[in-house]
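Please take me through this structure in the viewer, one selection at a time. I would like to know what to pick at each stop and what is there.

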Amino acid sequence: MSIAAPEPKANMGQPVPRYDAVAKVTGMAKYAADMPLANPAYAYLVTSAIAKGRIDSFELTEARNIRGVIDIVTHENAEKLKDVKLFSEGGYMSTTVQPLKSADVAHDGQIIAVVLADTFEAGREAAHRVKVNYRPATPSTTFDSPGTTSGPAKGQASRFKEDPKVGDFAKAFDEAEVKITASYETPTQHHNPMELFATSCVWTGDNLTIYEPSQYVYGLKNGVAAQLGIDADKVRVINYYVGGAFGSKGSTTPRTAIMASLARRLNRPVKLVPTRDQGFTIATYRAETRHQIQIGANRDGKLVALRHEGAEVSSRPDAYVVGGTKTTTRLYACPNVDSLVSIVHADRNTPGFMRSPPEVPYLFALESAMDELAVKLNMDPIELRRVNDTMKEPIGGKPYTSRSLMACFDEGARAFGWSQRSAAPKSMTDGDWLVGYGCATTCYPTQMAPAAARVRLQRDGRVRVEIAGHEIGNGAYTVIGQAAAEKLGVPFENVSVHIGDSDLPPAPVAGGSNSTASTCSAVMMVCDQIRQRLFRALMPNESVIDKAKETVGMGQTPVAESANSGRPLDREKAFDALGVSVVEEYGEWKPEDAPKDSFRAMQQGQVRIVGGSAMSDKIAYAFGAEFVEVRIDKWTHEIRIPRLVGAFAAGHIMNPRTARSQLMGGLIWGMSSALLEATELDPRYGRYVNDNLADYLLPVNADVQDVEVIMLSEQDDHINPAGVKGLGELANVGTNAAVCNAIFHATGQRIRKLPVRLENLEV
Ligand code: MOS
């Protein structure tokens with residue numbers, strides 16, 4: 001097998017090529033803006049040039065005179081849409097700032113007008129000729145800006161945040177033999193998926209079809225229906241492919257209902273393709289954060305006290321918070337823990353999910369501090385993790401369902417050659433290069449959510465699977481197809497997979513790395529229903545259900561005995577016994593611990609996600625260990641990363657090829673986050689100044705050298721029927737710290753603020 005398709009180890013599926021590979025490399029894959037529309041009007045957004053204040057008036061004559069302009073819509077003539085709650089407050093929205101509702105401006109880059117035109121170019125031309133008279137106020141835009149307000153998260157947002165505490169931190173820290181107190185900062189970052197935030201809206205009578213890249217077609221359908229005040233059954237969202245999302249397409253942004261409203265008014269399809277820079281403010285981003293970590297330890301390295309205080313920037317109206325202390329306080333054994341997360345409300349657009357939202361900033365702080373502690377103890381950083389490894393999280397004493405952290409460190413260390421490292425900072429050089437080796441823990445919660453599927457099996461062995469999952473580049477088509485093929489005992493090529501359409505049975509948001517676990521568990525359950533019917537037809541006297549109960553885990557719908565025994569099924573005979581040519585089953589699956597209203601909520605586009613640290617009697621995480629070699633030119637301070645090694649364990653790996661790709665992408669993003677990525681804010685104006693792909697620094701091929709992904713074999717029977725721990729967000733978590741730890745080793749300089757740029761180095 002090739003490197004790209006690693007040989008499966010125990011408890012791994014086959015590395016089949018991507019289901020959508022040919023469609024993608026031949027350009028046949030249709031993204032939202034590729035969908036053909038009959039005579040569309042083109043929408044072009046006008047966005048605010050101030051971050052706070054009011055619009056006094058518009059001067060539109062010049063813009064209206066551009067040939068091809070149909071209309072210009074502002075708060076003065078737009079339909080007033082209904083207010084809908086924030087996604088994390090139990091609603092659908094990415095922000096509660098509803099543009100075109102009033103003359104108020106809440107953030108820079110807010111949508112303040114929409115030009116409708118017969119061509120994109122006319123719309124753009126007119127948009128640039130719209131004159132706006134503002135009454136600006138002084139915005140308060142980030143940490144330390146006078147006029148921001150700070151406080152704990154309130155209301156529903158607190159569901160996403162917890163301030164875990166156990167024991168007596170103050171006393172234990174006071175008495176500890178070795179202490180670390182350090183502060184860390186992470187910047188604003190934007191996802192910048194290749195595919196822009198396009199939306200097309202088409203009405204057919206009372207029915208609305210939306211073509212939009214979304215990580216959650218059921219959420220978008222219900223969110224837009226709520227804003228328009230129409231029945232959700234009238235709305236259909238289609239996106240067969242999503243050109244990258246990373247969290248930015250998980251919640252409903254205000255643009256969609258605006259486009260739907262305009263299409264209804266015009267009685268004509270409306271197509272919007274916003275610009276790259278508009279994407280920085282009409283969608284979400286990763287908020288800047290600050291942290292203080294205090295660790296007290298014994299001389300042998302055992303932690304006795306840990307405190308993690310975090311602060312995050314959000315918008316003025318919305319209490320969006322990621323609250324990663326729920327993870328950092330549970331990662332290592334420690335009897336005395338304290339934590340606190342607060343929100344700083346500023347005049348900004350509302351931030352949102354971005355790949356590993358809580359873990360990326362919060363583990364940067366913790367894993368940097370662990371390295372600082374190792375240095376202070378004169379201890380190998382891997383040994384420090386080993387001493388504090390635990391199978392029970394310290395806050396509630398709940399057992400990890402499985403935890404292969406130290407196995408990951410051991411395998412990763414071997415592959416990386418960690419034993420070649422000389423411990424003292426600045427002790428390894430190669431000519432003009434200062435060489436540093438660093439490592440860090442990575443982890444991500446194992447999450448699952450209710451999902452439904454419909455599966456059809458034909459007598460000839462062809463299979464059709466329907467589930468409103470999302471192909472965001474993650475390999476969803478492929479692993480869903482594999483789940484059905486394996487369960488039904490047919491070749492992968494026999495399976496046609498249908499996702500990305502809200503007319504299909506509901507799946508959860510493709511977020512929180514829950515997709516594979518949730519959709520594959522649902523599809524496997526429905527395939528078992530089919531097998532059960534076939535076995536009943538063949539063996540009407542055998543008690544299938546009774547035997548099934550023995551093999552049922554997680555309080556699931558009974559799975560046919562046949563399904564898990566691997567007993568071959570004579571499909572054609574079974575169909576003949578049934579006297580049919582097609583068997584079709586629909587089923588709704590929910591994880592253990594999912595609340596009673598799960599299936600109703602699922603139909604309404606509201607996720608009841610469970611797992612991670614929030615389960616009643618256990619805790620489930622995927623783990624990994626990341627290793628970085630950094631080289632710093634002692635004259636120019638140029639920073640190079642010749643090697644990245646990540647070793648990961650994430651339960652059943654559905655497909656080692658797509659999994660490796662996900663993990664590799666995560667490592668590369670992690671490196672990018674450490675060294676390059678920051679959205680630069682002009683605090684005077686609340687404006688993102690590098691809002692394009694030239695100035696927002698991203699790695700190019702020359703920045704990415706050897707990247708090695710190691711997948712460990714791990715079996716976990718306590719998470720979901722698929723045995724899957726999500727890994728989409730696993731690899732980019734620990735990298736920030738691993739890079740900074742390597743830089744410390746190379747230079748003796750501790751970097752506590754991201755990203756690290758050569759001008760920050762003092763060597
Ligand atoms: Mo991910 S940030 O949960 O889409």
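Is arginine 456 buried, partly exposed or exposed? Select it to begin: arginine 456 is partly exposed, because its relative accessibility is 31%. Keep in mind throughout that this is a predicted model.

**Stop 1: the partner of arginine 456**

Add glutamate 584 to the selection. The two residues form a salt bridge, with 2.9 Å between the closest N and O atoms. Glutamate 584 sits in strand β22 (residues 582-589) and arginine 456 in strand β19 (residues 451-458), so the salt bridge ties together parts of the chain 128 residues apart in sequence. Glutamate 584 is also partly exposed, since its relative accessible area is 36%.

**Stop 2: two domains**

Now colour the chain by domain. The assignment gives domain 1 as 1-29 + 400-446 + 620-763, and domain 2 as 449-499 + 507-609. Measuring from centre to centre over C-alpha atoms, the viewer should give 34 Å between domain 1 and domain 2. The contact involves 23 residues of domain 1 and 25 residues of domain 2.

Show the surface between them. Domain 1 and domain 2 bury about 1800 Å², and carbon and sulfur atoms give 61% of that area. On the domain 1 side, select Tyr19, Met654 and Pro721: these three lose the most area to domain 2, and together they make up 37% of what that side buries.

Next, turn to polar groups at the interface. Nine residue pairs are in polar contact between domain 1 and domain 2, counting pairs with both residues at pLDDT 80 or more. The side of domain 1 that touches domain 2 consists of ten nonpolar, nine polar and four charged residues.

**Stop 3: arginine 18**

How many salt bridges cross the interface of domain 1 and domain 2? There is one. To look at a salt bridge of arginine 18, select this residue with glutamate 471; the closest N and O atoms of the pair are 3.7 Å apart.

Stay on arginine 18, which lies in the segment before α1 (21-25). Arginine 18 counts as partly exposed because its relative accessibility is 23%. Expand the selection to its contacts beyond four places in sequence: Glu471, Gly473, Asn474, Gly475, Thr478, Thr658 and Ser661.

Of these, pick glycine 473. The side chain of arginine 18 reaches the backbone oxygen of glycine 473 at 3.1 Å. From C-alpha to C-alpha, arginine 18 and glycine 473 are 10.0 Å apart in space, with their positions 455 residues apart in sequence.

**Stop 4: salt bridges elsewhere**

Return to the whole model, where the count comes to 55 salt bridges. Select glutamate 62 and lysine 131, a salt bridge with its closest N and O atoms 2.9 Å apart. This pair links distant parts of the chain, 69 residues apart: glutamate 62 is in helix α2 (residues 61-64) and lysine 131 in strand β6 (residues 131-136). Glutamate 62 is partly exposed at a relative accessible area of 36%, and lysine 131 is partly exposed at 41% relative accessibility. Widen the selection to Glu62, Glu125, Arg129 and Lys131, which are linked in a network of salt bridges.

Then move to aspartate 108 and arginine 687, which form a salt bridge with the closest N and O atoms 2.9 Å apart. Aspartate 108 lies in the loop between β4 (104-105) and β5 (111-117), and arginine 687 in strand β27 (residues 687-688), 579 residues apart. Aspartate 108 is buried, with a relative accessible area of 7%, whereas arginine 687 is partly exposed at 33%.

**Stop 5: glutamate 629**

For the last stop, select glutamate 629 in strand β24 (residues 621-633). Is glutamate 629 buried or exposed? Glutamate 629 counts as buried, because its relative accessibility is 6%.

Display the side chains around it. Glutamate 629 has a side-chain polar contact of 2.8 Å with arginine 631, and another side-chain polar contact, also listed at 2.8 Å, with arginine 643. Leaving out residues up to four places away in sequence, glutamate 629 touches Phe416, Val435, Gly436, Tyr437, Arg640, Ile641, Pro642 and Arg643.

Technical notes
Residues numbered from 1 in each chain as written. Predicted model: local features only at pLDDT ≥ 70, side-chain atom pairs only at ≥ 80, totals over all residues. Heavy atoms only, no water. Domains from an automatic or database assignment. Contact = heavy atoms within 4.5 Å. Buried area = accessible area lost by both parts, 1.4 Å probe. Salt bridge = Lys/Arg side-chain N within 4 Å of Asp/Glu carboxyl O. Polar contact = N/O pair within 3.5 Å; in protein donor to acceptor, adjacent residues only side chain to side chain. Nonpolar A, V, L, I, M, F, W, Y, C, P; charged D, E, K, R; others polar. Helix = DSSP H or I, 4+ residues; strand = E, 2+ residues; numbered from the N terminus. Buried < 20%, exposed > 50% of the residue type's maximum accessible area, 1.4 Å probe, protein only.
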